[in-house]
Amino acid sequence: MEEAGAQARPVDLEKATGDEVARHLTGADTVVFADGAGPGSSVGRKDSVDRGAAILLADAAETARVGRYLLLSAMGADLRAVESLDPVFRTYLRAKLAAENAIRSRTALQTTIVRSTTPPEPAGSRSPSRPARAPSPGPMSPPSCWRCSTNRFWTAGPSRSSGAPPHRGRRGSPRRPLNRRSASQLISPSTALSRPAMPHLKGNTVSTLFTPLKLRFLQIPNRVWMSPMCMYSAAPTGPETGAPTDFHLAHLASRAAGGAGLVMAEATGVRPDGRISPWDLGLWNDHQQEAFSRITAAIKAHGAVPAIQLAHAGRKASVDKPWLSDRCVPESEGGWQTVAPSAVAYDSLPAPHELTVAEIRQLVADFADSARRALAAGFEVAEVHGAHGYLINSFLSPASNHRTDAYGGSFENRIRFALEVVDAVRAVWPAELPVFFRTSATDWLTENPEDKREGWTGEDTVRLAKELTAHGVDLLDVSTGGMVRDAKIVAGPSYQVPFAAQARQATGIPTAAVGIITDPHQAEEIITSGQADAVLLGRELLRDPYWPQHAALALGAEPRWPDQYAYVVKRRKH
């Protein structure tokens, strides 16, 4: 065993195992992970390293590569068999930083992470009259905001209250502070981290709307999200077909700057005939993927999480811009033949082509391919669009699905296509990132005693939610309607929220609520009452891109203004 004062042997980070790297970083002869998941176990002078501590030690090593080794070692993985670890490390680090207080409360650690404005003091240097530092907050305390804190991370030994000296390195010097670098440097040179930019809370007031939501290893900084809204602003033909433009960049990035915790790009066609109109976005080629990359980077730069809604419009596709007309765009003008589970037309639109089983299987593959491209473009959430009468929704509802094969008839058959798409997307989406599913919780047919048509109901949505959870969906985005044009809908503030609450309470799946949510206190009540885990705003964010900042003020939270705005905006006293 190497002596404490001996020169540290060089470590080849390309080949070293996780415990070898950890020993190199901590200056210890042996590293034992506190939760027993690590590989080190031999007897000798040792440091016990929590998974979160191991990740933060990666910052001290000035390399994301080391951090990935440490993380995978802590999880007991075979490091040489694992490839493309950047997403794992990126999202796990974000979650750990946001939950820093929970790491500090782990009594099993001998090596802990503490926040301090000064380096660890030598043993016995504390003045008798100087009070001991206040204990770290417990696991239930709100996590501190790491972005704008003036503190630094330090590694320290056993608690000073035990009288033991701080942990020292091989050469006897106090452990130096972890380098406080930018988020993008913490991860990798090519990938920016979307920081957990939760507004600071004023006094003792805690706004639930502005607390983070963690789904898998992704932490979303608040519960106010931007709903996907079609802008009909992409090129309809040529090499730029379906690619986002400068308009889309400004449109989405401005809502991230406005304080939305998650910004979702509009319904994006997984193939050309999946667009609602010829002017909608698509994601089926390299150029579109590259164009989306600058949008995700802009959203992350403002502290929000970039999300995308993957869609196929089915029988409601190939239509005009809504402010021009509601007509079908014919093939002679750049439109196309629409497809659906059955040859049943939507309202006055032409009858669609009834999909064959082989064509259904191809569509499942198209969703998976688009999801791969979305991930490569930098999106951190993929939402499968199963609402508003579009293709997946038209398979679900008996009002539009008249098939008699394995994709029609019974409830189990009608949800088959939706689950196959979810499985395909989940298979290509990283295990540490969430997948959403947007549903129309009701067609508003069965609920109307005057309407004799059979439709999809809230009870059906509960049954579907249970299946989606089993297939890896992490959040249900609950809307309603869109199956038939003449459905009678009694709209009003929060009118769709009860459907989100029903699914959440019956199945436990996290939900996001929509439907004329316009007031900060209204949104706060939806979250605090347990009706939903987040709210998605559409028209209200079109009216006011900075609604989340104004809502934070109204609820006693500190808005998260961009630095370029904050230094001026915060001067205002009236």
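Let's start at Asn-413, which sits in helix α11, residues 411–414. Please keep in mind that what we have on screen is a predicted model. Is Asn-413 buried or exposed? Its relative accessibility is 17%, and the cut-off for buried is under 20%, so Asn-413 counts as buried.

What does the side chain of Asn-413 do there? It reaches the backbone oxygen of Gly-408 at 3.1 Å. The side chain of Asn-413 also makes a polar contact of 2.7 Å with the side chain of Arg-416. If we set aside neighbours within four places in sequence, the residues in contact with Asn-413 are Asp-405, Ala-406, Tyr-407 and Gly-408. So Gly-408 turns up in both descriptions, as a contact and as the owner of that backbone oxygen.

Tyr-407 is a handy bridge to the next stop, since Tyr-407 is also touched by Phe-417. Leaving out residues up to four places away in sequence, Phe-417 further touches Ile-360, Leu-363, Val-364, Leu-391, Ile-392 and Phe-395. Which residues touch the most other members of the largest nonpolar core? Phe-417 is one of them, together with Trp-225, Leu-262 and Phe-437, in a core of 100 residues. Apart from that one lies another core, of 11 residues, and Val-319, Val-329, Trp-336 and Tyr-346 are among them.

Let me zoom out for a moment. The chain has 18 helices and 16 strands. Of its 574 residues, 57% count as buried. And if you take the contacts with a separation of 6 or more, 69% of them are between residues 24 or more positions apart.

Next, two buried polar side chains that I'd like to show you together. Arg-438 has its place in strand β13, residues 435–440. With 5% relative accessibility, Arg-438 counts as buried. Which side chains does Arg-438 meet in polar contacts? One is Ser-227, at 3.2 Å, and another is Asp-477, at 2.9 Å.

The companion is Asn-393, in helix α10, residues 391–396. Asn-393 is buried too, with a relative accessible area of 1%. How far apart are Asn-393 and Arg-438 in sequence and in space? They are 45 residues apart along the chain, and 9.5 Å apart from C-alpha to C-alpha. The side chain of Asn-393 reaches the backbone nitrogen of Gly-389 at 2.7 Å. Not counting residues up to four places away in sequence, Asn-393 touches Gly-386, Ala-387, His-388, Ser-400, Ser-440, Gly-481 and Met-483.

His-388, from that list, deserves a second look at its backbone. His-388 is found in the loop between β12, residues 381–386, and α10. Its phi is near 60°, a positive value in a residue other than glycine. Arg-216 is another non-glycine residue with a positive phi, of about 55°. Arg-216 has its place in the loop between β5, residues 213–215, and β6, residues 218–220. At 32% relative accessibility, Arg-216 counts as partly exposed.

Now, my last stop: a helix pair. As a reminder, two packed helices are described by the angle between their axes and the distance between the axes. Here the pair is α15, residues 520–528, and α17, residues 547–554. Their axes come within 9 Å and cross at roughly 80°. That angle falls in the range of 65 to 115 degrees, and α15 and α17 are therefore roughly perpendicular to each other.

Who meets whom in this pair? From α15 we have Pro-520, His-521 and Ala-523, and from α17 we have Trp-547, Ala-551 and Ala-554. By class, that contact has five nonpolar residues, one polar and no charged ones.

Staying with α17, which of its residues are buried? They are Trp-547, Pro-548, Gln-549, Ala-551 and Ala-552. The buried residues of α17 pack against α15, and also against β7 (224–226), α7 (246–257), β16 (534–537) and α16 (539–543). And just after α17 comes Gly-556, with a positive phi of about 85°.

That's my tour, and I'm happy to go back to any of these spots on the screen.

Conventions
Residues are numbered from 1 along each chain as its sequence is written. This is a predicted model: local features need pLDDT of at least 70, side-chain atom pairs count only at pLDDT 80 or more; totals for chains, interfaces and linings use all residues. Side-chain values use heavy atoms; hydrogens and water are left out. Helices (H or I, at least four residues) and strands (E, at least two) are DSSP runs, numbered from the N terminus. Buried means under 20% relative accessible area, exposed over 50%, partly exposed in between (1.4 Å probe, protein chains only). A polar contact is a pair of N or O atoms within 3.5 Å; within protein, one must be able to donate a hydrogen and the other to accept it, and residues adjacent in sequence count only if both atoms are side-chain atoms. Contact means heavy atoms within 4.5 Å. A nonpolar core is a set of buried Ala, Val, Leu, Ile, Met, Phe, Trp, Tyr and Cys residues joined through side-chain atoms within 4.5 Å. Axes are lines fitted to C-alpha atoms, for helices over the stretch in contact, and angles run from 0 to 180 degrees between N-to-C directions. Angles under 35 degrees count as roughly parallel, over 145 as roughly antiparallel, 65 to 115 as roughly perpendicular and the rest as oblique. Ala, Val, Leu, Ile, Met, Phe, Trp, Tyr, Cys and Pro count as nonpolar, Asp, Glu, Lys and Arg as charged, and the others, Gly among them, as polar.
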